[in-house]
Structures are given as structure tokens and as C-alpha cells.
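Open the structure in your viewer and get ready to select residues. We will go stop by stop.

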Amino acid sequence: MLTSLRSPRPEEGFTVPSTRRATSALLTASLLVLGLAACGSGGEDEAGSGDQGDKQITVYSGRSEQLVKPLLEKFTAQTGIAVQPRYASTAQLAAQLVEEGDKSPADVFFAQDAGALGTVAKRGMFSTLPEATTSQVPQNYRAGSGQWVGVSARARVLIYNPDLVPADQLPKSVFDLVGPAWKGKVALAPTNASFQAFVTAIRVQHGDARAEEFLAGLQANDPQIRDGNGKIVEDVNSGTVAVGLVNHYYLGEIAKEQGTTPEALKAKLHFFPGGDTGALVNVAGVGVLNRAASDPDVQRFVDFLLGPESQTYFAEQTFEYPVIGGVPGPAYVPPLADLSVPEVDLNDLDTLDETVTMIKNSGLVP
């Protein structure tokens with residue numbers, strides 16, 4: 001069984017002071033589309049390898065070192081294949097790949113966000129993965145082109161305190177939160193990458209005008225701004241604020257920090273029904289660079305991430321959803337297949353620069 005310390009998830013696009021998430025996602029989201037160079041954790045461009053079976057691969061990891069290092073070490077221990085990682089935020093590494101182009105030393109892009117994978121794929125930089133690999137994952141969580149595949153998933157939810165909002169008064173749609181009944185009651189983290197992906201999904205599903213209207217409504221409704229999802233969960237749990245928009249796994253992380261279970265916390269999760277955009281499910285995933293298309297070591301790495309051991313790790317250690325069948329998800333959430341998710345192509349979540357500008361213009365970010 002793989003174990004790890006709780007990940008502070010810096011890969012979500014913001015820096016981490018001590019054990020709590022802070023914010024710089026607006027900058028990194030802009031870097032993503034502008035294609036500015038961004039530094040990783042090293043400068044060893046010669047480390048990449050496209051040779052077949054040379055027992056080493058270079059992984060650009062937008063997932064944090066603390067989160068995925070145990071997986072990479074386990075992969076090396078099992079296969080003898082050395083992994084040379086380059087860590088930075090997903091947005092930074094996507095920008096770096098775009099700038100490096102065919103000269104990139106990367107073999108694999110291990111990204112936190114499907115939009116970033118879509119950005120790189122649309123540049124023609126990924127090879128097509130074998131159908132035997134992609135077919136393991138539901139169609140919603142992989143590229144239709146076969147150029148990237150999700151390896152873990154997380155759902156957007158409304159976290160609420162039942163002492164302040166009884167379950168029968170919960171909103172049926174995320175768009176209801178702009179109504180007068182929710183004035184001053186909703187916590188947001190607008191500089192968080194997951195919030196930005198959610199707003200991008202609104203743009204994709206409903207158009208820019210609806211997204212602007214929604215953001216303006218939130219801003220006019222006295223939102224409770226926080227610097228990260230973890231703080232929102234803590235404040236909802238304590239009764240400081242009634243509800244908040246977060247990803248589902250934060251409840252598990254806060255419970256783990258406090259030495260208890262998610263079920264024992266006061267805060268509860270509300271999954272928006274009916275395919276509402278507030279129930280967006282996004283994925284972390286991988287794409288294989290063209291230079292490594294025929295490298296069996298790279299394919300073994302992709303298969304490892306989709307194997308039961310890694311999938312169990314995501315469920316038990318990071319509280320994310322596994323994306324393959326036969327591996328149970330976190331015990332405190334409904335199965336992934338039972339969620340009513342919006343009809344949003346995750347490849348289309350790659351226009352973060354427009355989203356960042358829209359959020360800034362709404363006044364949610366000073």
C-alpha cells in the first residue's frame with residue numbers, strides 16, 4: 001500500500017504557505033495561454049529520452065512532488081525505469097511545452113487539469129495513445145482524439161453547514177447562488193485554479209454573457225472571499241460561513257488533518273443535480289509527447305497510473321475519484337458513475353486567459 005503525507009496541492013495553481021493553500025493562479029493561468037517560458041524544478045534539458053527501452057523517462061509533472069513522488073518511486077521500484085521529473089504548476093509546464101515545441105526533453109506531461117492537456121494537444125504535440133489504454137477510462141474523462149487520458153477525477157460541489165442551511169433548502173443549481181436568499185452566505189476562492197476551470201465550463205456550456213452575468217451576480221451578493229478551498233471547508237465546518245464552492249476531496253483532506261473522518265465533520269457535500277455546471281468533474285491526466293510515442297518505458301508509466309495500485313492511491317490518499325472500473329472511490333462520496341455531470345468537453349477548458357480576465361473584471365479579485 002502506498003502512503004504519503006497530505007498533499008497541499010500546489011499544482012492547482014497557487015503557492016502554499018506552510019500547510020494551507022494560497023493564491024497565484026491568476027498569473028499561472030495567463031502564462032498558460034500566452035505561452036511564456038516557465039522554469040521547472042531543474043534545468044537538465046538533456047535528461048529527456050525518446051530511445052526505446054532505455055530505462056528512463058522524463059515527466060513534466062504539474063502534480064506536486066509531495067503528492068506524486070511516492071507513485072514515481074513505486075513505479076521505479078517495480079520496473080527499474082528511472083523517472084526524471086520536472087515539477088511546476090500545470091499551467092507553467094503547459095506554457096513551457098508550447099515554447100519548447102519539438103525540442104522539449106519531456107516524454108510525458110502529467111497535468112492537473114484537462115484544459116492544459118487540451119492546450120498542448122491542440123498544438124499537435126501529443127501522440128495518440130493505444131485504444132487498449134484509453135478505453136479503460138470513461139469517454140467523458142479522456143480526449144476523443146486519444147491524445148490524453150484522465151488518471152484521477154474530482155467533482156465540484158457545494159459544501160454546506162446543515163445547522164445554517166437545512167438539506168431541503170439547498171440550491172438545485174449553482175446559478176441560484178446569486179439570489180437574495182444567499183446574500184453574504186457563499187464562500188468563494190476566485191483565484192483558485194479549480195474555480196477558474198468551473199467558470200470556464202460555464203463559458204463553454206452557456207456562453208460568455210451568462211458567465212459574466214453569473215460572476216456579476218456573485219459579486220453583488222456579498223461573497224465571502226477566501227484564499228483557497230481548504231479554508232472554505234474549515235469555515236463552513238465551524239459555522240463561520242454557510243456554504244462554499246469547492247472540490248469534493250477537500251472534505252477528506254480536512255478530516256485527515258483533524259484526525260477524524262469526513263462523516264464526523266459538521267460540513268457536508270451537496271452535488272448539484274441535473275447536469276448542472278456546478279457539478280463539473282475535471283481530471284488530472286497524462287499525454288505522451290510525440291518524441292516518446294514508441295517508447296515502451298513511457299507506455300508502462302501510463303499503464304501504471306491507470307493500474308489498480310495507483311488508482312487506489314488516488315482514492316485513499318488524495319481522496320480523488322479513480323477513473324477505472326473495479327477500484328472503489330472515497331467512501332464518503334457517491335460513485336463517479338452516479339454523478340450527474342454537465343455536458344462539457346474537458347478539451348474545451350483551455351481558454352483560461354479569457355476566464356481570468358472575466359473574473360478580474362467582475363470585481364471578485366481586487
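Which residues in H9 are buried? Select helix H9, residues 249-257, to find out. This is a predicted model. The buried ones are Tyr249, Tyr250, Leu251, Gly252, Glu253, Ile254 and Ala255. That is seven of the nine residues, so H9 is largely enclosed by the rest of the structure.

**What covers the helix**

Keep H9 on screen and add its surroundings. The cover over its buried residues includes S4, helix H8 (229-238), strand S7 (243-247) and strand S8 (268-270). Now step past the end of the helix. Glycine 259 follows H9, and its phi is positive, near 70°.

**Into the core**

Next, select strand S4, residues 149-160. Six residues of the largest nonpolar core come from S4, the largest share. This core has 82 residues in total. Which two touch the most other members? They are Phe109 and Ile159. Nonpolar side chains tend to be buried together in soluble globular proteins.

Zoom in on isoleucine 159. Set aside its neighbours within four places in sequence. Among the residues in contact with isoleucine 159 are Ile232, Val233 and Val236. Ala242, Val243, Gly244 and Val246 are also in contact with isoleucine 159. So are Leu251, Ala267, Lys268 and Leu269. Leu251 should look familiar: it is one of the buried residues of H9.

There is a second, separate core of 27 residues. Select Phe175, Val243, Leu364 and Val365 to see some of its members.

**An enclosed strand**

Move to strand S1, residues 56-61. Is S1 largely enclosed or largely open? Five of its six residues are buried, so S1 is largely enclosed by the rest of the structure. Now add strand S2, residues 82-87. S1 and S2 run parallel, and six bridges join them. To see one pairing, select glutamine 56, which stands opposite alanine 82 in S2.

**Two pockets**

Rolling a probe the size of a water molecule over the atoms shows where empty space is left. Start with the largest pocket, with a volume of about 280 Å³. It has 19 lining residues, and the closest to its centre are Pro322, Ile324, Pro335, Leu336 and Ala337. How many residues of this lining are charged? None: the lining divides into 16 nonpolar and three polar residues.

Last stop: the second largest pocket, at about 190 Å³. Select Gln139, Asn140, Val344, Asp345 and Leu346, the closest to its centre of the 15 residues that line it. By class, this lining has eight nonpolar, four polar and three charged residues.

Key. Residues numbered from 1 in each chain as written. Predicted model: local features only at pLDDT ≥ 70, side-chain atom pairs only at ≥ 80, totals over all residues. Heavy atoms only, no water. Core = buried A, V, L, I, M, F, W, Y, C linked by side-chain atoms within 4.5 Å. Buried < 20%, exposed > 50% of the residue type's maximum accessible area, 1.4 Å probe, protein only. Helix = DSSP H or I, 4+ residues; strand = E, 2+ residues; numbered from the N terminus. Contact = heavy atoms within 4.5 Å. 1 Å grid on protein atoms, 1.4 Å probe; cavity = no way out; pocket = protein on both sides within 12 Å on 5 of 7 lines; lining within 4 Å. Points joined across faces, edges and corners; volume = space filled by probe spheres on them. Nonpolar A, V, L, I, M, F, W, Y, C, P; charged D, E, K, R; others polar. Pairing = 2+ DSSP bridges.
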